[in-house]
Amino acid sequence: MASASDCISQTGPGLKERNYFGFSDCSSVDRSTVSSAHLESKNNMNMKATELRLGLPGSQSPERDSDFSLLNSVKLDEKPLFPLAPSKDRICTLSQKTVASGNKRGFDDTVDGFSESKTTNFSEGNWMFNATGSDPGQAKLAGNVISIRPSGTQLAIKSEVPAKTLQESTNKIIGTNTANAPAAKAQVVGWPPIRSFRKNSLVTTSKTNDEVDGKPGPGALFVKVSMDGAPYLRKVDLRMYSAYKELSSALEKMFSCFTIGQCGPQGAPTRKMLSESKLRDLLHGSEYVLTYEDKDGDWMLVGDVPWEMFIASCKKLKIMKGSDAIGLGSSSYQVLLHFKAKKSLMYPCFVWDLAVYQCFYKESFRPDYGSDVPECFVLMSDISFICLLAFSCVFLECLLRLRLYLLFILNLDFLVEAQ
Amino acid sequence: MCLFQFQSVMNYFPEEVLEHVFDFLTSHRDRNTVSLVCKSWYSVERFSREKVFIGNCYAVNPERLIARFPRLRSLTLKGKPHFADFNLVPDGWGGHVYPWIEAMAKSGINLEELKLKRMVVSDESLELLAKSFPNFKSLVLVSCEGFTTVGLAAIASNCRFLRELDLQENEVDDLKGKWLSCFPESCTSLVSLNFACLKGEVNVVALERLVARCPNLRSLRLNHTVPLEVLQKILVRAPQLSDLGTGSFTHDPDSETFIKLKNAMKNCHSIRSLSGFLDVNGRCLPAIYPICISLTSLNLSYAPGIFSNELIKLICHCKKIERLWILDTIGDKGLGVVANTCKELQELRVFPSDLYGVGNTAVTEEGLVAISAGCPKLNSILYFCQQMTNAALITVAKNCPNFIRFRLCTLDPIVPDAVTNQPLDEGFGAIVQSCKRLTRLSVSGLLTDQVFLYIGMYAEQLEMLSIAFAGDSDKGMLYVLNGCKKLKKLEIRDSPFGNMALLSDMGKYETMRSLWMSSCEVTLGGCKTLAEKMPWLNVEIINEHEAGEGEGEASCDDRHRVEKMYLYRTLVGPRKDAPDFVWTL
């Protein structure tokens, strides 16, 4: 400890406060001062941080610290290192906030958002941070990893795979309910370096194995996310989220840069000033809808089925313009229809449902019978539905009349007997 | 005087003889060297070359390839940079194979083999491939994407002499088509079929019939939807298999089917390589004990459901194993068993099984030390571990000086020595110093510039180096660039190397295949300088914020750090199929 403090005193003014670890022995006083003078504060150095020498490359040797003083804006080495400890005190969030205060206010918003989020179980520390966001000349957070090993548990930081918006630093906080994990576990983009095929195979194989239990969130499930108008696809790991709300907020942030780009009327300044709330409105309003392609190749609206079912069947995600998505039906009904479409070849009476759907929902909907069904059967089903329509009308009519007659007869009998 | 005579002798050497001599040269490098000797040798070599290897598909274009090697029969192409495997390269970056196939088809090349790695293969390209080359025999796709089972169906139905269809770890959109049934009844030439990466069901009846009519079938790898019963029937029909990848390997061990499988396995005396087990029940493993004794290659890395003790029991039977790929569920203890049993082991890969959990089953440095002590022939290792120490690495270096590939990956990228909390510089330094033949190295853990000094000093044969979260300053990269004379591929991520290192020796990059730097300190200005001075390099910047950005934006400032830079030497200038977010300077 002495050496560390010596080190601090020598490099005095140049030393930046770097709260790498959310150790509970850090006093709240220290952290609050950081909030006011983030870049200029010299004291309140976390001793343990310097001792363990963990942190980012370049942040280890003391002479490096002198470079920090030259930087007014937050740079690579000043990546906000979010303490990710299973600590009980709420101060942790404050410290993140303070460390990241050099970044855009996007982070502040997310911190606020975080506290509202219902899925985070703060006292267990079961939350993960997505520390991302790169702003040239400003903080570059992508690829941060901090590893702490207090008493054998491993903590690290997870950063969202493709979410690197350049104009706003979007530090996302995503909570997961990993009840078994005493410590939050997070991962860097592309680390450990394993092909996604292998990562996905770990998921599927471990799911089917009954004995493997108690493991929090096995593997990863990467699906491609595309957006109309975005230059390229991204991939998200669905297992990082446990509810639709998290997924949609993550996607909002991921694609915010593209949305802003499209709707910002005047160059750069507009981008910076566009607030998070406006963004949310954009995405939640009729502007864009989130859809997914399921195992059968149908495009459904996200949000109808339970989350687990969604994860199991989602193959791709797409953010499409609201106008394009009008034709999509509710997913559960689609599933039903698809099933019925196949069955209708054998049981023409199910075509009735299709007829109803056609009439009321979408005129030109034609259910997918699958690729191996010849065209004539499809035609037959159309014809059969018309016949059935007619037939069932007549049949119902007769039934009704029969009932009336029966009732009349019965009543008469009854009446006769009663008298 | 001597030289004059020698030269005249060489001039009268008939070309047919030269050609015959060159036929014995199989390595690409030898052939490349031979073609540099003189013009006549260049010409002879060029007309006799049938196999061409192109390590970077953008270094040259199809027209030049065809112009130089008109008798091309076998082509190997690699597309995206290595880090694309780990989601660091956005989709749509490039690496399309269609232009190559189109050009070869138009020029009447008699293509017979195509091996692609990390390329984008569309269904159209597969169809064009199938229809344009009547003698097409072998298609190997590794880590590719962009195609569906429709493309596979085209290959199956049109390639009459197809011998090999090998799909390894590709992203295939399985449209549940009946591609397997598209193999015509006349197709009897199949030698190798690997569809383990497909996710959908296949027509098992068609599969069985196919296996039955292909007597030369040596390698068959099924996907996880093929049940055990079908595997049993296949083994009965094809006992000559030498490489088997099982499909689903779960069944009731007491059932008749399982007993039949065991008997079938006993009959398969030729199986030397076993993989698959994508869906496995540990209690079914005893069925493979009879073949374990003669196995040389075993891949259990897709099977996290096998417990450590079951793995150990299995390994005890595998005495002749040379290549072992397993998950870290085996634990240090299991690795100790491997060390005691598998004395012929040459290549070991230990993959992580638990990417997100706390994970008590991970391996540590003890396992690695045990392996190095017990397996004297070990020359290639890929090891994902929870922790590592310098002492362990030094011991490993002493025990195994024969490493050709050494890839260590700590699950936490900047973890220091677990015992001393020092950086792992000394450990890796010992490795490079001791292993004189090291050609591929991946480092991880807490590392300073010192390790790069060691690498530069000692790793003379190093050709590929992967760096992540390492180094303190530009000096690190400088050591490597100055020291490793044979360096071909350098990939760096999240390390503080900047313009000074990048620009210090620009000529070096023309001797290398490619350089990848992401999340480093290199700025746009540095990249521009490099691009201006080196016309034979393509310097590509991947911008992730391209949408809606106009000229004169803040991000065009030369002082801004570039997110991702990929540069490679090329003969054909900037590529024409670069998407919007890739900016070639």
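Contact is taken here to mean heavy atoms within 4.5 Å, and the cover of a helix is described on that basis in the predicted model analysed below. In helix α13 of chain B, which spans residues 308–316, the buried residues are Glu310(B), Leu311(B), Ile312(B), Leu314(B) and Ile315(B). The cover over these buried residues of α13(B) includes α12 (289–292), β14 (297–299), β15 (323–327) and α14 (331–341), which belong to chain B.

Helix α9 of chain B (residues 204–213) was examined in a similar way, and its buried residues are Ala206(B), Leu207(B), Glu208(B), Leu210(B), Val211(B) and Arg213(B). Among what covers them are β8 (192–194), β9 (219–221) and α10 of chain B. At the start of α9(B), the backbone nitrogen of Val205(B) has a side-chain oxygen of Asn203(B) within 3.2 Å.

The largest nonpolar core comprises 183 residues, and those with the most contacts inside it are Phe249(B), Phe406(B), Ile455(B), Leu502(B) and Leu515(B). Helix α10 of chain B (residues 228–237) supplies the largest share of this core, namely five residues. A second core, separate from the largest one, has 26 residues, including Val223(A), Tyr244(A), Tyr288(A) and Leu317(A). For Leu515(B), when neighbours within four places in sequence are left aside, the residues in contact are Met477(B), Leu490(B), Ile492(B), Leu502(B), Tyr509(B), Met565(B), Tyr566(B) and Leu567(B).

Internal space was considered next. The structure contains 14 cavities of 30 Å³ or more, and the second largest of the cavities holds about 120 Å³ of space. Its lining consists of 15 residues, of which Pro81(B), His82(B), Lys489(B), Ser514(B) and Tyr566(B) are the closest to the centre. Two elements of chain B, β21 (489–493) and β22 (514–518), give two or more residues to this lining, and β21(B) gives the most, with three residues. By residue class, the lining of the second largest cavity divides into four nonpolar, five polar and six charged residues.

A buried acidic side chain was also examined. Glu145(B) is located in strand β5 of chain B (residues 145–148), and, because its relative accessible area is 11%, under the 20% limit, Glu145(B) is classed as buried. With residues up to four places away in sequence not counted, Glu145(B) touches Lys224(A) of chain A as well as Lys80(B), Asp91(B), Met119(B), Val120(B), Val121(B) and Glu171(B) of chain B.

Terms used
Residues are numbered from 1 along each chain as its sequence is written. Chains are lettered from A and ligands numbered from 1 in the order in which they are written. This is a predicted model: local features need pLDDT of at least 70, side-chain atom pairs count only at pLDDT 80 or more; totals for chains, interfaces and linings use all residues. Side-chain values use heavy atoms; hydrogens and water are left out. Buried means under 20% relative accessible area, exposed over 50%, partly exposed in between (1.4 Å probe, protein chains only). Helices (H or I, at least four residues) and strands (E, at least two) are DSSP runs, numbered from the N terminus. A nonpolar core is a set of buried Ala, Val, Leu, Ile, Met, Phe, Trp, Tyr and Cys residues joined through side-chain atoms within 4.5 Å. On a 1 Å grid over the protein atoms alone, a cavity is a set of points where a 1.4 Å probe fits but cannot get out, and a pocket is an open set with protein on both sides within 12 Å along at least five of seven lines; lining residues have an atom within 4 Å of a point. Grid points are joined across faces, edges and corners, and a volume is the space filled by probe spheres set on the points. Ala, Val, Leu, Ile, Met, Phe, Trp, Tyr, Cys and Pro count as nonpolar, Asp, Glu, Lys and Arg as charged, and the others, Gly among them, as polar. A polar contact is a pair of N or O atoms within 3.5 Å; within protein, one must be able to donate a hydrogen and the other to accept it, and residues adjacent in sequence count only if both atoms are side-chain atoms.
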